[in-house]
Amino acid sequence: MIAFRNVGKWYGDYHALRDVSAEVGRGEVVVVCGPSGSGKSTLIRTVNRLEEIGKGSIEFDGQDVHSARLDLNRFRSQVGFVFQSFNLFPHLSVLENIVLAPVTVLKKKPGEAAERAKHLLQRVGLAGKADAYPGQLSGGQQQRVAIARALAMDPPAMLFDEPTSALDPEMVGEVLQVMKSLARDGMTMMCVTHEMNFAREVADRVWFMDHGAIVETGTPDSFFNHPRSERARKFLLDLRSH
């Protein structure tokens with residue numbers, strides 16, 4: 001579903017991504033972890049061209065993401081992206097936030113889009129919040145609305161860029177539960193997260209990054225119990241000591 005081929009990126013002289021080659025299979029859940037500044041968020045943001053790459057190539061569902069011929073707005077409408085900071089429109093109700101893109105981009109009928117939005121709100125546990133505004137919701141509720149909004153476009157894959165890091169600890173679980181249910185339903189997911197229990201329970205594979213490179217990949221069992229690289233061992237040891 002997603003393929004990185006020798007991807008490199010620079011910010012001036014700073015080498016942010018170093019020859020990244022990896023694949024996310026259809027229906028697979030990949031968790032990307034690593035220390036701050038390791039390139040995790042930069043990597044996931046290259047998938048829908050929120051970040052441009054300096055070399056290499058990226059394919060998403062068979063499309064060359066960084067092709068000059070790519071219709072970028074059309075392409076982005078096919079990629080479900082959930083941000084750290086929710087990015088809901090504060091002046092629109094929850095329902096209006098969810099139906100906006102299906103109606104304006106996919107040209108769906110408003111009534112049809114609203115029915116789908118209500119179904120998605122039920123799925124994320126917010127059936128009674130359709131008429132609420134983002135400012136009336138907790139952070140965890142806003143993030144669940146953001147997930148519903150992304151799902152409303154029926155994307156073939158979902159990207160999560162640290163979706164729980166802006167939340168109070170008691171709200172993290174409610175967002176992770178929604179992500180777990182998506183994984184159970186077979187959604188292709190690439191998740192940048194510090195939630196290691198989520199990685200243990202849900203991921204098919206873990207990618208560990210450091211200094212812009214994928215240093216190690218493996219199943220959750222092999223990564224957490226038998227890390228091969230010294231850098232991954234130190235990372236896990238630091239996590240456990242906290």
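1. Let's start with how the chain is tied together. In this predicted model, residues 24 or more positions apart account for 66% of the contacts in the protein chain with a separation of 6 or more. Several of the residues discussed below give examples of contacts beyond their neighbours in sequence, among them Lys9, which touches Glu52.

2. Next, the overall build. The protein chain contains nine helices and 10 strands. Its radius of gyration is 18 Å, close to the 18 Å that the globule rule gives for 242 residues, so the chain is as compact as a globular protein of that length. The C-alpha trace spans about 55 × 45 × 30 Å along its principal axes.

3. A word on surface and interior. Of the 242 residues, 53% count as buried. The accessible surface of the protein chain comes to about 11300 Å², and carbon and sulfur atoms hold 48% of that area.

4. The charges are worth a look too. There are 29 positive and 29 negative side chains in the protein chain. The centres of these two sets lie 2 Å apart.

5. Now to a lysine in a strand. Lys9 belongs to strand E1, which covers residues 2-11. Is Lys9 buried or exposed? Its relative accessibility is 8%, under the 20% cut-off, so Lys9 counts as buried. A polar atom of the Lys9 side chain lies 2.9 Å from the backbone oxygen of Glu52. Leaving out residues up to four places away in sequence, Lys9 touches Tyr14, His15, Ala16, Leu17, Thr42, Glu51, Glu52 and Gly54.

6. Compare this with a lysine in a helix. Lys180 sits in helix H6, made of residues 169-184. At 15% relative accessibility, Lys180 is also under the 20% limit and therefore counts as buried. Which residues does Lys180 contact, leaving aside its neighbours within four places in sequence? They are Phe198, Glu201 and Val202.

7. Thr46 is a good place to pause when you turn the model. This residue lies in helix H1, residues 40-46, and is buried, with a relative accessible area of 0%. Not counting residues up to four places away in sequence, Thr46 touches Phe4, Leu17, Glu51, Ile53, Ile58, Val65 and His66. Two of these, Leu17 and Glu51, also appear in the list for Lys9. Ser57 is 11 residues from Thr46 along the chain, and the C-alpha atoms of the two are separated by 10.0 Å.

8. Helix H3 offers a view of helix packing. In this helix, residues 94-104, the buried residues are Val94, Leu95, Asn97, Ile98, Val99 and Pro102. What do the buried residues of H3 pack against? Their partners are helix H4 (110-123) and helix H5 (139-151).

9. Ala114 shows the H4 side of that packing. Ala114 is found in helix H4, and at 15% relative accessibility this alanine counts as buried. Beyond residues up to four places away in sequence, Ala114 touches Leu95 and Val99, which are among the buried residues of H3. Leu151 is 37 residues from Ala114 along the chain, with 13 Å between their C-alpha atoms.

10. Ala152 also reaches H3. This residue lies in the loop between H5 and E7 and is buried, with a relative accessible area of 2%. Ala152 touches Ile98, Pro102, Lys108 and Leu120, again not counting residues up to four places away in sequence. Of these, Ile98 and Pro102 are buried residues of H3. Asn197 lies 45 residues from Ala152 in sequence, and the two are 28 Å apart in space, C-alpha to C-alpha.

11. Finally, two backbone details to check in the loops. Asn87 has a positive phi of about 55° although it is not a glycine, and Glu162, likewise not a glycine, has a positive phi of about 50°. Where are they? Asn87 is in the loop between strand E6 (79-82) and H3, while Glu162 is in the loop between strand E7 (157-161) and H6. As for exposure, Asn87 is partly exposed, with a relative accessible area of 39%, whereas Glu162 counts as buried at 13% relative accessibility.

Definitions and conventions
Residues are numbered from 1 along each chain as its sequence is written. This is a predicted model: local features need pLDDT of at least 70, side-chain atom pairs count only at pLDDT 80 or more; totals for chains, interfaces and linings use all residues. Side-chain values use heavy atoms; hydrogens and water are left out. Helices (H or I, at least four residues) and strands (E, at least two) are DSSP runs, numbered from the N terminus. The radius of gyration is taken over C-alpha atoms; the globule rule is 2.2 Å times the number of residues to the power 0.38. Buried means under 20% relative accessible area, exposed over 50%, partly exposed in between (1.4 Å probe, protein chains only). Contact means heavy atoms within 4.5 Å. Accessible areas come from the Shrake-Rupley method with a 1.4 Å probe; for residues, only the protein chains shown count as cover. Lys and Arg count as positive and Asp and Glu as negative; His and the chain ends are not counted. The place of a charge is taken as NZ of Lys, CZ of Arg, CG of Asp or CD of Glu. A polar contact is a pair of N or O atoms within 3.5 Å; within protein, one must be able to donate a hydrogen and the other to accept it, and residues adjacent in sequence count only if both atoms are side-chain atoms.
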